[in-house]
Amino acid sequence: MSGEVDIAIIGAGAAGIAAARRAQDYGLSFALLEARDRIGGRCHTDTDTLGVTWDRGAHWLHSAAVNPLTHMAEALGHPYLKRESFIDRTLHLGSRLATEAEKADYQRAIDAAFEAVDALGEKGLDVPVAEAHDRGSRWYRLIEHLHEAISAFPPERISALDLYRYYDSGENWPLIRGYGALVEALGSHLPVSLGTPVTAVDWSGRGVAVETPKGRVRAKAVIVTVSTNVLARGLIRFSPVLPSAMQRALDGVPTGVANKVAIKFSRDVFGLPDTSYASFMDERDPARHALSFQIRPFGQELAIAYLGGRFAEEMEGQGEAAMIDMATSALADMFGSSIRGAVEGAVATGWGADPYALGAYSSALPGHAEDRLRLAEPVGERIFLAGEAVHPSWFSTVQGAFLSGRDAVERACLAIGHCSC
Ligand SMILES: Cc1cc2nc3c(=O)[nH]c(=O)nc-3n(C[C@H](O)[C@H](O)[C@H](O)COP(=O)(O)OP(=O)(O)OC[C@H]3O[C@@H](n4cnc5c(N)ncnc54)[C@H](O)[C@@H]3O)c2cc1C
């Protein structure tokens, strides 16, 4: 493991893979160091646990028509489902379907809610998105759920200005073989050291010295792609410590929690077309959280519940069995209790406690939208952060992580005076 390279890259998720690919293009020597025993990070397609294909992490090509990974998916033979919108879904109010009038009312409420958030952002107001909403609205629980799914935090902890800066073309196309499988394919030819958690980065002298249990790598510069929570919690020790402005920026853009519960069935219990989407809000019980589901993705007998924000964190704290029970109960209300007899297996993710992610994706806290821009500032002309949190307008996505990894190499190249880039 020990040696000397131009660039050390910490983490082989989307950002680290993009950085390594670009470094390779430029003829830079590099060491790609990954703590897990696999590449892909928060992109991970699971084909083993339930005997079907589902993504534990990223699933949709967001802003798909302009997402650079869409073209890479085509080139690598990873098909995707081009569809209008994933907002078009069935809406279940407890154990009954919403009427068309209720659906239209809900859609109007969603549109108005997100327009109100944009209006705050347009004015440059770095305030909680909660200020844009009427908590007394009939549809508030679903609006809260949408915010928690998009930003991984509850509305009181999401900066309206940060969310306003997010670019969304509105196309969300799911990858049939999984986003994790695509990212893995993009990194499959790269030399990577798996099972190599970086414990420390010493930048007190020239260049950097990167410590791992397998040895020390010396480099002219380091690209750090781990999540903001991993960095903010000091899981990689920097000497000297990172500048206080950078530490404050990491605290201002934490990684929130989102989780999925995948439930496998022995037969079609839903009677919906392949790859449907369904939302659930129980109007009989206001304490119950709203949820959304993928139903029978690509014809597989599977339902996947999506949980975000505080609810995702609380449920994760209660454990996998409680998560599965909660999601199954919602499905039983939506489609009838007989579905329980067809359950073949179920599994839930735990991104909040995952030691190498400590969350799902980032969102700036109210008052901290500018902190995101600070994350891209180099430290000592040799430490460059990359990863989803660093991208100014495509944060929380795979394409944002990927582009930030490429960009970090450009900046590192300039800093170390590598002439061919
Ligand atoms: C449930 C869920 C659903 C999502 N849905 C979507 C979606 O549909 N579309 C979308 O675009 N995005 C989605 N995302 C977000 C997307 O997955 C992330 O934004 C993106 O994958 C982040 O990539 P990254 O390279 O920045 O970070 P990561 O993927 O976290 O990569 C960082 C790497 O660093 C490694 N690491 C950590 N600590 C160390 C250490 N000390 N030493 C060495 N290596 C270390 C990690 O193991 C990891 O491999 C979702 C995420 C989750 C969790």
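## A buried bend at A152

A152 sits in the loop that links helix 4 (140-151) to helix 5 (160-165). Keep in mind as you look around that this is a predicted model. The backbone does something worth spotting here: phi of A152 is near 65°, a positive value in a residue that isn't glycine.

Is A152 buried or exposed? A residue needs 20 or more C-beta neighbours within 10 Å to count as buried. A152 has 29 C-beta neighbours inside 10 Å, so it counts as buried.

## Other loop spots to look at

L358 is another non-glycine residue with a positive phi, near 50° in this case. You'll find L358 in the loop between strand 18 (343-348) and strand 19 (361-362). L358 counts as buried because it has 21 C-beta neighbours inside 10 Å.

Now go to P240, in the loop between strand 12 (237-239) and helix 8 (244-252). The thing to check there is the peptide bond from S239 to P240, which is cis, with omega near -5°.

## Strand 16 and its partners

Next up is strand 16, which covers residues 291-295. Why is strand 16 described as largely enclosed by the rest of the structure? Because 5 of its 5 residues are buried. Try following the side chains along the strand: L291, F293 and I295 point one way, S292 and Q294 point the other way, and all of them are buried.

Strand 16 has a partner in strand 15 (residues 276-281), and these two pair in the antiparallel sense over 5 bridges. One pair to pick out is F280 with L291, its bridge partner in strand 16. Strand 16 also runs antiparallel to strand 17 (residues 302-308), and 4 bridges join them. Here you can look for I295, whose bridge partner in strand 17 is A303. Strands 16 and 17 form a hairpin with 6 residues between the strands, and in that hairpin R296 takes a positive phi near 50°.

## Two faces of helix 2

Helix 2 runs over residues 68-76, and its buried residues are L69, T70 and A73. Looking down the axis of helix 2, you'd see these buried residues fall within an arc of 110°, so they line one face of the helix. A bit of background helps: an α-helix has 3.6 residues a turn, so residues three or four places apart point the same way.

What do the buried residues of helix 2 pack against? They pack against strand 5 (60-62), helix 6 (179-187) and helix 12 (398-416). On the other side of helix 2, H71, E74 and A75 are exposed. Just after helix 2 comes G77, with a positive phi of about 75°.

## Zooming out to the domains

The domain assignment of the protein chain gives two domains built from separate pieces of sequence. Domain 1 takes in 3-43 + 177-254 + 362-416, while domain 2 takes in 86-169 + 258-348. Taken over C-alpha atoms, the centres of domain 1 and domain 2 are 32 Å apart.

How many residues are in contact between the domains? There are 12 residues of domain 1 in contact with 14 residues of domain 2. Sort the domain 1 side of that contact by class and you get 7 nonpolar, 4 polar and 1 charged residues.

Conventions
Residues numbered from 1 in each chain as written. Predicted model: local features only at pLDDT ≥ 70, side-chain atom pairs only at ≥ 80, totals over all residues. Buried ≥ 20, exposed ≤ 12 C-beta atoms within 10 Å, placed from the backbone. Pairing = 2+ DSSP bridges. Domains from an automatic or database assignment. Contact = placed C-beta atoms within 7 Å. Nonpolar A, V, L, I, M, F, W, Y, C, P; charged D, E, K, R; others polar. Arc of directions from axis to C-beta.
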